Amino acid sequence: MKRKITSVRAMEILDSRGNPTVKAFVGLDNGITASASCPSGASTGKNEAVELRDGGRSRYGGKGVLKAVANVNEKIAHLLIDMNPSRQAEIDHLMIALDGTPNKNKLGANAIVSVSMAVARAAAQTSDLSLYAYLGGSVARTIPMPMMNILNGGKHADNSVDFQEFMIVPVGASTFAEALRYGVETFHALGKILKRKGYATSVGDEGGFAPNLGSNDEACEVILEAIEAAGFKPGKDLAIALDPAASSFYGNDVYDLAKSGQGKQNSADMIAFYDTWIRKYPIVSIEDGLAEDDWEGFSKQTEMQGDRIQIVGDDIFVTNTRYIARGIQEKTANAVLIKLNQIGTVTETIQAIDLCRSAGWGYVISHRSGETEDTFLADFAVAMGGGQIKTGSASRSERIAKYNRLLEIEAELGRAAIFQNPLKGKV
């Protein structure tokens with residue numbers, strides 16, 4: 001029996017940074033109501049879909065989302081009543097057409113994506129399927145390798161580290177549960193080491209520690225120390241992945257490593273810097289090592305290092321098929337960071353992933369620095385089968401919620417679950 005959408009509504013809630021965001025609810029004629037919440041990024045690409053904020057200073061310093069909420073309640077709702085929730089692509093394209101702008105700045109990507117995700121969840125529930133099984137079908141059984149952010153810098157922390165994320169990747173684990181344990185034990189070992197060295201053990205937006213280290217190099221060194229202190233072998237059990245978020249320290253064709261005091265660099269200097277690190281540390285992946293406008297630099301880095309490590313584009317591609325297609329043509333990278341709210345609908349996100357698959361590129365499903373307790377991302381990562389996920393550190397409940405959901409999915413799949421290292425050969 002075909003089901004129909006009977007109600008669509010939204011409300012303003014708070015994300016993990018205490019800033020407003022949108023939560024949407026979709027009700028069906030069989031009594032099912034599903035919801036989904038939109039995350040929010042701090043380090044954002046200039047070509048991302050627009051996160052609609054109220055502006056002004058009367059509420060939340062201008063960061064309120066009542067305009068986006070009203071767009072759901074007063075515009076999107078009327079459009080979707082009586083629609084079949086299983087018609088995801090049709091529903092998403094109706095919302096895109098209603099907005100009518102290239103970057104969703106009329107209705108707001110935060111309004112559209114929350115509804116898009118809630119529709120998918122409602123359709124899954126009415127089909128009596130887990131969300132990952134509904135979105136990915138019977139082949140959805142690959143549990144992603146976690147890229148766990150354990151040290152924060154850049155825009156995610158007020159400290160002396162230029163690079164935004166230092167992650168550990170449990171490349172030697174045989175199951176997700178084991179991989180998570182590797183990461184958690186190393187995270188706690190790192191906390192003890194930092195405390196012993198007299199560093200602060202407060203955490204940044206994504207749950208990683210944010211100490212005032214002496215240099216960017218010290219971040220890698222202390223991570224290696226933590227891996228060994230936890231009883232693991234660097235490069236064999238756990239490797240390192242980086243997200244410098246280079247756009248945040250780039251301007252006028254110069255990369256300014258001002259926080260650490262390492263000075264100004266050009267694109268070639270940065271590539272050489274990373275090459276030194278790749279030889280020195282067990283690095284398997286670098287995301288946004290160069291700025292979003294530095295297409296030539298990205299291509300040069302990929303040419304020089306792409307056979308040794310994964311080169312991931314985030315701000316440069318913004319989960320948009322237009323930019324990903326250009327990247328494939330110009331050999332800009334060999335992987336893409338995938339963020340649902342960066343493009344604004346479930347359908348467009350899947351289209352971006354399909355383009356990566358057709359090019360033989362990797363793709364990493366990613367959270368945002370401003371998250372909610374919603375676990376949609378975990379199911380989506382399994383459904384898409386790319387084998388990689390970024391969802392933060394081993395602290396902060398909005399991050400742990402995603403890890404716990406992945407544990408549940410692995411247990412639900414049992415022997416059918418697949419967990420493998422998609423970066424094999426990169427160490």
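So, at what angle do helix α9 and α11 pack, and how far apart are their axes? Before I answer, a bit of housekeeping. This is a predicted model, where local features need pLDDT of at least 70, side-chain atom pairs count only at pLDDT 80 or more, and totals for chains, interfaces and linings use all residues. Residues are numbered from 1 along each chain as its sequence is written, and side-chain values use heavy atoms, with hydrogens and water left out.

Okay, the answer: α9 (residues 321–330) packs on α11 at about 10°, and the axes are 9 Å apart. Axes here are lines fitted to C-alpha atoms, for helices over the stretch in contact, with angles from 0 to 180 degrees between N-to-C directions. Helices are DSSP runs (H or I, at least four residues), numbered from the N terminus. That angle makes α9 roughly parallel to α11; the bins are under 35 degrees for roughly parallel, over 145 for roughly antiparallel, 65 to 115 for roughly perpendicular, and oblique for the rest.

Who touches whom? On the α9 side we have Thr-321, Ile-324, Ala-325 and Ile-328, and they meet Gln-351, Ala-352, Leu-355, Cys-356 and Ala-359 of α11, contact being heavy atoms within 4.5 Å. By class that's seven nonpolar, two polar and no charged. Nonpolar is Ala, Val, Leu, Ile, Met, Phe, Trp, Tyr, Cys and Pro, charged is Asp, Glu, Lys and Arg, and the others, Gly among them, are polar.

α11 (residues 346–359) also has α12 (residues 376–384) to deal with: those axes come within 12 Å and cross at roughly 35°. From α11, Val-346, Thr-349, Ile-350, Ile-353 and Arg-357 meet Phe-376, Phe-380 and Met-384 of α12. The split there is six nonpolar, one polar and one charged.

Now over to α1 (residues 66–80) and α2 (residues 88–99), whose axes come within 10 Å and cross at roughly 140°. So these two are oblique to each other. Lys-75, Ile-76, Leu-79 and Leu-80 of α1 make the contact with Ile-91, Leu-94, Met-95 and Leu-98 of α2. Count them by class and you get seven nonpolar, no polar and one charged.

Last topic, rings. The whole structure has 17 aromatic pairs, meaning Phe, Tyr or Trp rings (six-membered ring for Trp) with centres within 6.5 Å. One cluster includes Phe-163, Phe-249, Trp-277 and Tyr-281. And for cations, Arg-9 lies over the face of Phe-25, 4.0 Å from the ring centre, while the charged end of Arg-326 sits over Trp-295 at 3.8 Å from the centre of the ring. The criterion is NZ of Lys or CZ of Arg within 6 Å of the ring centre and within 35 degrees of the ring normal.

Note on methods
Phe/Tyr/Trp six-rings, centres within 6.5 Å; stacked < 30°, edge-to-face > 60°.
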